[in-house]
Amino acid sequence: MDGYDFKPKPPRAVTDFLKNKGLKPAFSWLDVYPEEHAFDFTVSKATQINVLTDIREEIQRALDEGLPYSEFQKRLKPRLKARGWWGTKTLVDPKTGKKVKARLGSPRRLRTIYWANVRTARAAGQWERIQNNKDMSPYIIYKLGPSENHRPLHADKAGIILPVDDPFWREWFAPNGWGCKCSHRTVSVDEAKKLGYRGKPAPKIPRDKHINKRTGQVTDVPRGIDPGWHTNPGLSRRKNIKMFLSEALEKAPPDLARIAISDLVRDDEFKAHILGERLSTYPVAIVPENDAKYLKSKSRTVLLSQQTAKHHSINKTPKKYVKPEHWVRIQENIEIAKRYADPKNSSIIIYIITAKDGEKYRLVVKTTNDQSELYVKTFYRLGLNPVKKFRGDQHPLKFNEE
């Protein structure tokens, strides 16, 4: 583990995984649900924010600068000793009220902290790259790591090839346990065929129930995966970010939600998103309530997927090219935009947006099949003097807004 290093330095998707996490003090690693580890940084027995902050800062530095474990330990150990978070001490378990002897900082603990956070950050970053390139490499192959002795239930997964979005990867995306060195590689259609892929479904894997002794939570875990490691960190991270943003916007008063959307779209994070450096969905507008009713959508938040964002950022037609600042105009003008129905598809609304400078845009919003979310289907500039007729303009929608 001492020689573990990044060459070259990790991509931004890896370093941002930890950078965007919140802090969650916890007496035990079991006090935090598996999915929470994807968006909250926690270390067992690190119940003080300053200790947790010290550990995260050094992990972040190790990720940003590609530092090996030896350098990470050299920097962090004196910081933890200065705070008294080192060795074995008697602590009160906040859950039981009992005094227990707890091991705090130690070389072994730091090695585990380093391994767990570096591996999950790399897994999350790899998942983003996999999603970003799935048009070219639509399959994933499960690979064993360099360990001398492989876990039998991991070894029998070696060579499994499945589509990128197969449910199998929601759980069997390494690391799949403490110390697991398994990995994945994406492959093209041709390579998948050469390797023997014939479209067979994922193997059925027995599942075991595990009871969290701290919380009482019963978890259904695939046999072969350590409890707590049965979530895909990249998938969980994206899902929870989207859930947090969408739920927060849905619950906010309309005026505040509109302001929040405008601020989000002006943020540098959004600029990175539309340039293909992010993979999470991103909110770009809140539609009026009657629009959501027409689309039979349970949500009013319009999301921009990475695939659509990337397509618009590389549009080669100069007159239609959408720059980062153009996306702000959706929320600024959507309530007064002209709306049109698509007679062939009732899950779509076509908006013709006119900005303050007179430039017009065509936005198409579509609801998902389960009517749970709204997405941008297309968005492009029409210019200052567009043609009079648009596709669908024979079917105007007129709503009486609240």
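A residue is called buried here when its relative accessible area is under 20%. By that rule, phenylalanine 168 and tryptophan 169 are both buried in this predicted model. These two residues will come up again below, once the overall fold has been introduced.

The protein chain contains 12 helices and 16 strands. Of its 402 residues, 48% count as buried. The chain exposes about 21100 Å², and 52% of this area is supplied by carbon and sulfur atoms. Among the contacts in the chain with a separation of 6 or more, 62% join residues 24 or more positions apart.

A good place to begin the tour is the sheet. Seven strands make up an open sheet with mixed pairing, and their order is 10-11-15-14-13-12-16. Strand 10 (282-286) and strand 16 (396-397) each have a single partner strand, so they stand at the edges with one side left without a neighbour in the sheet. Within the sheet, strand 13 (residues 345-354) runs antiparallel to strand 14 (residues 360-367), and seven bridges join the two. One of the residues involved is isoleucine 348, whose bridge partner in strand 14 is lysine 366.

Several of these strands also contribute to the largest nonpolar core. This core has 33 residues, and the members that touch the most others are Trp327, Tyr351 and Leu363. At least two core residues come from each of helix 8 (254-266), helix 9 (268-277), strand 10, strand 11 (301-304), helix 12 (328-333), strand 13, strand 14 and strand 15 (374-383). The biggest share, four residues, is given by strand 10. Leucine 363 shows how such a residue is surrounded: with neighbours within four places in sequence set aside, its contacts are Ile330, Ile334, Ile349, Ile350, Tyr351, Ile353, Val376, Thr378 and Phe379. Another core, of 21 residues, lies apart from this one and includes Val164, Phe168, Ile225 and Trp229. In soluble globular proteins, nonpolar side chains tend to be buried together.

Helix 4 (residues 107-132) deserves a closer look. Its 26 residues should span 38 Å at 1.5 Å a residue, and the 37 Å between its end C-alpha atoms agrees with this. The helix is mostly covered, with 19 of the 26 residues buried. Tryptophan 127 has a relative accessibility of 3% and therefore counts as buried.

The aromatic side chains add a further layer to the picture, with 10 aromatic pairs in the count. In one of them, the ring centres of tryptophan 127 and phenylalanine 173 are 5.1 Å apart and the planes meet at 80°, so this pair is edge-to-face. The pair bridges distant parts of the chain, 46 residues apart: tryptophan 127 belongs to helix 4, while phenylalanine 173 sits in the loop between strand 6 (161-163) and strand 7 (183-187). Phenylalanine 173 counts as buried because its relative accessibility is 0%. The two residues from the opening, phenylalanine 168 and tryptophan 169, form an edge-to-face pair as well, with 5.0 Å centre to centre and 80° between the planes. Both also belong to a cluster in which ring pairs link Tyr142, Phe168, Trp169 and Trp172.

Finally, tyrosine 69 lies in helix 3 (residues 69-82). With 1% relative accessibility, tyrosine 69 counts as buried. The C-alpha atom of tyrosine 69 is separated by 9.9 Å from that of valine 118, although the two residues are 49 residues apart along the chain.

Conventions. Residues numbered from 1 in each chain as written. Predicted model: local features only at pLDDT ≥ 70, side-chain atom pairs only at ≥ 80, totals over all residues. Heavy atoms only, no water. Pairing = 2+ DSSP bridges. Expected span 1.5 Å × (residues − 1). Buried < 20%, exposed > 50% of the residue type's maximum accessible area, 1.4 Å probe, protein only. Core = buried A, V, L, I, M, F, W, Y, C linked by side-chain atoms within 4.5 Å. Contact = heavy atoms within 4.5 Å. Areas by Shrake-Rupley, 256 points an atom, 1.4 Å probe, with all protein chains shown as cover. Phe/Tyr/Trp six-rings, centres within 6.5 Å; stacked < 30°, edge-to-face > 60°.
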